[in-house]
Amino acid sequence: MNTTHSTDTNARTADTNATTADTATNTTTVTVIGLGNLGQVLARVFLDQGHKVTVWNRSPGKADELVALGATSAPSPAAAVAASDLVVVCVLDYTTVRDLLTPVGGDLAGRTVVNLTSGTPGPARDLAAQVTEQGAAYVDGAVYAIPQTIGTPEAFVLYSGDADAFARYEALLAPLGSPVFAGADAGLAPVHDVALLSGMYGMFAGFFQTVAVARSAGIAAGDVTGLLVRWLTEALAALPGFAAEIDAGDYRTDTSNIDINAVGLANILTATRELGVGVDLLQPLHEVFQRQLAEGHGSESMARAVESLR
């Protein structure tokens, strides 16, 4: 017998057993409540990571594909909560979250709830207080990805709430998207969400205005969009500078001040009206510039417009 070969084989077997043991040790029980488009993907990611996943949805048929992949379908929210250390909730709104978690009472004790339902700061803080009173840790989250990009480098998730609970499950949550902890106030993730989505909708508003103006002259939306994306990509470089001015409260500038931009935007509004296109999306910004001019800030940076919103 080749003793060297036997020893190598035994060593590899021992390594394999050790790896298996480590994997089992790192396996966590996870419950996903809510199996809409996002909830389905969340559960799949947890399954792909080798975790024991329990799912619940008001319409049980939505769990079928996940069960085929190895998930367990719970018969009730209480059973779903009781099955796992980590309970991830992704439903329609915070009222639904509250309605689901209130009846489970003491079943939540000792567990962590990560709420990835879209919501606003006040209800997030109220829900954190409720869950804490039920003996569980609460973490709120805002997902920045469409379901198709969950688990890819493009996705990131903002979290806030119980810092210890977040630290405990950060590695487990990381495959959903790069985790960013915003702070111990459970309302901070929704505040960030409102802020970032405001920027997104502002961008959409600008896009809709661009397309409306272009189409009034017979320019196809597809043709002008490529130019817009190119221009906005360059314009994004101004934002960190604006942010620094706002944080410092110092709006002195030798370049693009409010005087210049108020005149430029007024010209755009006039031309837009002449083309028969509405100015509903841009007129409010011009009104903000006008307020800044009336207060004597025309020579200062355009970033000072934010002061009229406070």
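This is a working chat about a predicted model and what its sheet, cores, surface patch and salt bridges look like.

Colleague: Let's start with the sheet. How many strands does it have, and in what order?

Modeller: Eight strands, in the order 3-2-1-4-5-6-7-8. The sheet is open, and its pairing is mixed.

Colleague: Which strands stand at the edges?

Modeller: Strand 3 (72–73) and strand 8 (178–183). Each has a single partner strand, so one side of each is left without a neighbour in the sheet.

Colleague: OK, let's go further in. How do strand 1 and strand 4 pair?

Modeller: In the parallel sense, over four bridges. If you want a spot to look at on screen, T31 stands opposite V87 in strand 4.

Colleague: And strand 4 with strand 5? How many bridges join them?

Modeller: Four, and those two strands run parallel. Strand 4 covers residues 86–89, and strand 5 covers 112–115. One pairing to find there is L86, whose bridge partner in strand 5 is T112.

Colleague: What sort of unit do strand 4, helix 5 and strand 5 make?

Modeller: A right-handed β-α-β unit, with helix 5 spanning residues 94–101. There's another right-handed β-α-β unit made by strand 5, helix 6 (residues 121–133) and strand 6.

Colleague: How do strand 5 and strand 6 pair?

Modeller: They're parallel, joined over four bridges, and strand 6 runs through residues 137–144. Across that pairing, V113 stands opposite Y138 in strand 6.

Colleague: Staying on strand 5, which way do T112, V113, V114 and N115 point?

Modeller: T112 and V114 go one way, V113 and N115 go the other. In a regular strand the side chains alternate between the two faces of the sheet.

Colleague: Are those four buried or exposed?

Modeller: Buried, all of them, on both sides of strand 5.

Colleague: Let's talk cores. Which residues touch the most other members in the largest nonpolar one?

Modeller: F46, V55, L116, Y159, L173 and L176, out of 32 residues in that core. Several elements each supply at least two residues, including strand 1 (29–33), strand 2 (52–56), strand 7 (156–161) and helix 7. Helix 2 gives the most to this core, with seven residues.

Colleague: What other core is there?

Modeller: Apart from that one lies a core of 22 residues, and among them are L127, A128, V131 and A186.

Colleague: Switching to the outside. Which residues make the nonpolar surface patch?

Modeller: Y201, M203, F204, F208, W231, L232 and L281, covering about 760 Å². Helix 8 (188–216) and helix 9 (221–235) are the elements that give two or more residues to the patch. Helix 8 gives the most, with four.

Colleague: Take Y201. Where is it found?

Modeller: Y201 is in helix 8.

Colleague: And is Y201 buried or exposed?

Modeller: Exposed, because its relative accessible area is 54%, and the cut-off for exposed is over 50%.

Colleague: Now charges. How many salt bridges does a search of the whole structure find?

Modeller: Five. One of them joins the side chains of D250 and R252, at 2.6 Å, N to O. D250 counts as partly exposed at 30% relative accessibility, whereas R252 is exposed at 69%.

Colleague: What about E300 and R304, buried or exposed?

Modeller: Both are buried, and their side chains meet in a salt bridge at 3.5 Å, N to O.

Colleague: And which residue does R310 form a salt bridge with?

Modeller: E307, with the closest N and O atoms 3.4 Å apart. R310 counts as exposed at 67% relative accessibility, while E307 counts as partly exposed at 25%.

Colleague: Last one: A163. Where is it found?

Modeller: In helix 7, which covers residues 163–173. A163 is partly exposed, with a relative accessible area of 38%.

Colleague: How far apart are A163 and G61 in sequence and in space?

Modeller: They're 102 residues apart in sequence and 35 Å apart in space, taken C-alpha to C-alpha.

Terms used:
Residues numbered from 1 in each chain as written. Predicted model: local features only at pLDDT ≥ 70, side-chain atom pairs only at ≥ 80, totals over all residues. Heavy atoms only, no water. Buried < 20%, exposed > 50% of the residue type's maximum accessible area, 1.4 Å probe, protein only. Pairing = 2+ DSSP bridges. Right-handed = clockwise from strand over helix to strand, strands pointing away. Patch = residues over 30% accessible without salt bridge, like charges linked within 9 Å, V, L, I, M, F, W, Y side chains within 5 Å. Areas by Shrake-Rupley, 256 points an atom, 1.4 Å probe, with all protein chains shown as cover. Salt bridge = Lys/Arg side-chain N within 4 Å of Asp/Glu carboxyl O. Core = buried A, V, L, I, M, F, W, Y, C linked by side-chain atoms within 4.5 Å.
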